[in-house]
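Thanks for coming. I have one structure to go through today, so let me put it on the screen.

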Amino acid sequence: MTKTIKVALAGAGAFGLKHLDGIRLIEGVEVISLVGRELDKTEEAAKTYGVGHATTDLADALKLPGLDAVILATPTQMHAAQAIQCLEAGKHVEVEIPLADSLKDAEAVAAMQEKTGLVAMCGHTRRFNPSHQFVHKRILADEFHIQQMDVQTYFFRRTNMNALGQARSWTDHLLWHHAAHTVDLFAWQCRSPIVNANALEGPIHADLGIAMDMSIQLKAESGAICTLSLSFNNDGPLGTFFRYIGDTATYIARYDDLFTGRDEKIDVSRVAVSMNGIELQDREFFAAIREGREPNSSVGQVLPCYRVLDGLERRLASG
């Protein structure tokens, strides 16, 4: 019988609950601890999902007998330090995107992974959405070549709230979080490194202290280009929408769903065992642990993305 992988989930917020929903569908995995900022809410979520241990301290979870792995869905600013903490404790770790909010911290996580040899991956979910996987399979089959990607990442966050409408204890960031999805996906889909990157940002929000609007241009070594528009000011359809313009087709990806350029829906239900990108991401993490291999979106694979983000941040800072 295959050994059950015992996992702790840190972060009982909106995204942490998505992981719990996905893990419920994966055989041979048991969540044995839930770590959150507020104990009463963490205990409530643990009860709902049948998790036997709840705490506000990651260190408590790391001491549990039999614990194999940790999924971090905590605030961005905690990702790197907590990932290193988990690896030092001998636990495999999956870090929600972004890996870090600085290149230095991202490199520190990668260095610790190399030192320990444990599985460490980052939740670059776009690599796992069935929509993007469909396009990737066509690229690998030499049936589709990207000429341009046009991406819109639009949210309405003029106050510091999460996806459930609850007050956040931290501030989100367009560059280090939301742009990371597209920067990594563009290079992964083009199968070519990014060789040129430019950015512009709008006014800084008086209370949040971040740019609420941003525009990014990318060029891959293959010659393909990408234009990314991001906003926390958008009072309209919310989410991220990808348009792939290629030599043989045009595709529009809306999270797990895919459409032609004429807005005709494409059946991607047979691309993977699930239509849930978060579940597929977690499946890859646990499969890599069982098989003793590097996962798709390992910290080493996504590190080039954070080098690009660091370069963009430096350009924005210099005006």
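I will start with the whole chain, then take two helices, and finish with a few single residues.

A word on the source: this is a predicted model. The secondary structure of the protein chain comes to nine helices and 14 strands. How does the overall size compare with the globule rule? The radius of gyration is 19 Å, and the rule gives 20 Å for 319 residues, so the chain is as compact as a globular protein of that length. Along the principal axes, the C-alpha atoms fill a box of roughly 55 × 50 × 40 Å.

Of the 319 residues, 53% count as buried. If you take the contacts with a separation of 6 or more, 67% of them come from residues 24 or more positions apart. The chain exposes about 14500 Å², and carbon and sulfur atoms supply 49% of that area. On charge, there are 31 positive and 40 negative, and their mean positions are 2 Å apart.

Now helix 4, which covers residues 79–88. How many of its 10 residues are buried? Seven are, and the helix is mostly covered. The buried positions are His 79, Ala 80, Gln 82, Ala 83, Ile 84, Cys 86 and Leu 87. For anyone who wants the reminder, an α-helix has 3.6 residues a turn, so residues three or four places apart point the same way. Which elements do the buried residues of helix 4 pack against? The partners are helix 3 (58–62), strand 4 (69–72), strand 5 (92–96), helix 5 (103–116) and strand 6 (120–123). After helix 4 comes Gly 90, with a positive phi near 85°.

Strand 5, one of those partners, contains His 92. Is His 92 buried or exposed? His 92 has a relative accessible area of 16%, and the cut-off for buried is under 20%, so His 92 counts as buried. Its side chain reaches the backbone nitrogen of Val 119 at 3.0 Å. Beyond its neighbours within four places in sequence, His 92 is in contact with Asp 68, Ala 69, Val 70, Leu 118, Val 119, Phe 285 and Ile 289.

On the way from strand 5 to helix 5 there is a loop that holds Pro 98. The peptide bond between Ile 97 and Pro 98 is cis, with omega about 5°.

Next, helix 6, residues 130–140. Its buried residues are Pro 130, Ser 131, His 132, Gln 133, Val 135, His 136 and Ile 139. They pack against strand 7 (146–154), helix 7 (174–190), strand 11 (239–246), strand 12 (250–254), strand 13 (257–260) and helix 8 (277–291). The helix is followed by Asp 142, whose phi is positive, near 65°.

Two residues of helix 6 are worth a slide. Ser 131 lies in this helix and counts as buried at 0% relative accessibility. Leaving out residues up to four places away in sequence, Ser 131 touches Ala 253, Tyr 255, Asp 256, Asp 257, Leu 258 and Val 268. How far is the C-alpha of Ser 131 from that of Asp 257, 126 residues apart along the chain? The separation is 5.3 Å.

The other is Gln 133, also in helix 6. Gln 133 has a relative accessible area of 18%, under the 20% cut-off, and is therefore buried. Its contacts, again without neighbours within four places, are Arg 127, Phe 128, Val 271, Ala 272 and Leu 280.

Tyr 255, one of the residues Ser 131 touches, is in the loop between strand 12 and strand 13. Its phi is positive, near 55°, and it is not a glycine. Tyr 255 is partly exposed, at 32% relative accessible area.

Ser 297 has a positive phi too, about 70°, and is not a glycine either. It sits in the loop between helix 8 and helix 9 (299–317). Ser 297 is buried, at 0% relative accessibility.

Last, Gly 202, in the loop between strand 8 (194–201) and strand 9 (213–220). What is its relative accessibility? At 26%, Gly 202 counts as partly exposed. Past four places in sequence, Gly 202 is in contact with Ala 211 and Asp 213. The C-alpha atoms of Gly 202 and Thr 76 are 126 residues apart along the chain and separated by 22 Å.

That is the end of my slides.

Key. Residues are numbered from 1 along each chain as its sequence is written. This is a predicted model: local features need pLDDT of at least 70, side-chain atom pairs count only at pLDDT 80 or more; totals for chains, interfaces and linings use all residues. Side-chain values use heavy atoms; hydrogens and water are left out. Buried means under 20% relative accessible area, exposed over 50%, partly exposed in between (1.4 Å probe, protein chains only). Helices (H or I, at least four residues) and strands (E, at least two) are DSSP runs, numbered from the N terminus. Contact means heavy atoms within 4.5 Å. A polar contact is a pair of N or O atoms within 3.5 Å; within protein, one must be able to donate a hydrogen and the other to accept it, and residues adjacent in sequence count only if both atoms are side-chain atoms. The radius of gyration is taken over C-alpha atoms; the globule rule is 2.2 Å times the number of residues to the power 0.38. Accessible areas come from the Shrake-Rupley method with a 1.4 Å probe; for residues, only the protein chains shown count as cover. Lys and Arg count as positive and Asp and Glu as negative; His and the chain ends are not counted. The place of a charge is taken as NZ of Lys, CZ of Arg, CG of Asp or CD of Glu.
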